[in-house]
Amino acid sequence: MTEPLPHTFTIPASVPTVSLFGPADEYLRVIESEVDAGIHARGNTITVTGTPSEAAFLERLLDELVAIVRTGQPLSRESVQRSIAMLRTETEERPAEVLSLNILSNRGRTIRPKTLNQKRYVDAIDKHTVVFGIGPAGTGKTYLAMAKAVQALQSKDVNRIILTRPAVEAGERLGYLPGTLSEKIDPYLRPLYDALHDMVDPESIPKLLTNGTIEVAPLAYMRGRTLNDAFIILDEAQNTTQEQMKMFLTRLGFNSRMVVTGDVTQVDLPGGSRSGLRVVQDVLGDVKDVHFSYLDSQDVVRHRLVGKIVAAYDDFEAGAGERRRTQ
């Protein structure tokens, strides 16, 4: 059997190898674990021993990583792994285009999509009036939608942001909680406030809330309104009924956009009520200017273990369904 011939690549001198390979070659070790080839780096010269296909793959990967570094964005272990995963799927989008797309910057922090499906989700928000972001926890559905809302407000594409979610968890217990109605509902809206603090200077938030530029309210407060010149986000939409979903969607006014986010596997509706988010996919699936974006365990951007937990539950539930069918 013929030994594979070595292939040599040269990294541009303008790109520091420590930026490309990480401290103590951490990123290079990630690459070695994912590529079926021997890799030797000496200065800016990379020698690869492996099949022509793996050598070509590595060259494409290095080109993408160099392109990311040249944007000024630092690499990380996660971004290297995500670049490899994107190239393996052979999509049209380049990892450098996905991982270097800046949505919003605030206090030295830049919000970007971190996976291919997140990039497609963000692009859909730009192209469509109503977008549904459906996927498990940790996939950035609400966070990215809020970043796009703040971006639209800052660029004066809209005059206000409206953030809403059903307080279904409260149910009949709401009346037994201490405090005013606002104080009772606030815990169910807290995740929206937390994300908002990452994107807008905290000192300006009280003024924006007071003058109505940003409104955070339970879904029930949307009834009877027409929302013009607004970027409207409905979070936790799996906990809406069919009637609530229809009510919300028909609030859409002129020069407004809507993003609806939720996880159809986490429905908390009482009494076996059918989720409006599940039904709406059948109702609006063929309606023009309405788009459905789907994210999965591969798009989880929290701790790496979260993605594995989500995938394990998906496998378990799929297996349980198969067992029920065969019984």
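In this predicted model, β2 and strand β3 (residues 45-50) run antiparallel to one another, joined by six bridges. One spot to look at along this pairing is G38, which sits opposite T49 in β3. The two strands belong to an open, three-stranded sheet that reads β1-β3-β2, with antiparallel pairing. That leaves β1 (6-10) and β2 (37-42) at the edges, each with pairing on one side only. On average, neighbouring strands here are turned by 20° against each other, ignoring direction. Helix α3 (residues 52-70) lies across β1, β2 and β3, and its course makes an angle of about 10° with β1.

Elsewhere in the chain, β7 is a good place to pick up the story. This strand is mostly covered, with five of its six residues buried. β7 has parallel pairing with β9, over five bridges, and I162 has I232 in β9 as its bridge partner. Strand β8 (residues 214-218) also pairs with β7 in the parallel sense, again over five bridges; in this case L163 is matched with V216 of β8.

Then there is helix α10 (residues 242-249), whose buried residues are M245, M247, F248 and L249. These buried residues pack against a mix of strands and a helix: β6 (130-134), β7 (160-165), β9 (230-234) and β10 (257-262), plus α11 (276-284). So much for the helix side; as for the strands, β7 and β9 turn up both as packing partners of the buried α10 residues and as a parallel pair.

How values were computed. Residues are numbered from 1 along each chain as its sequence is written. This is a predicted model: local features need pLDDT of at least 70, side-chain atom pairs count only at pLDDT 80 or more; totals for chains, interfaces and linings use all residues. Side-chain values use heavy atoms; hydrogens and water are left out. Buried means under 20% relative accessible area, exposed over 50%, partly exposed in between (1.4 Å probe, protein chains only). Helices (H or I, at least four residues) and strands (E, at least two) are DSSP runs, numbered from the N terminus. Contact means heavy atoms within 4.5 Å. Two strands pair if DSSP finds at least two bridges between them. Axes are lines fitted to C-alpha atoms, for helices over the stretch in contact, and angles run from 0 to 180 degrees between N-to-C directions.
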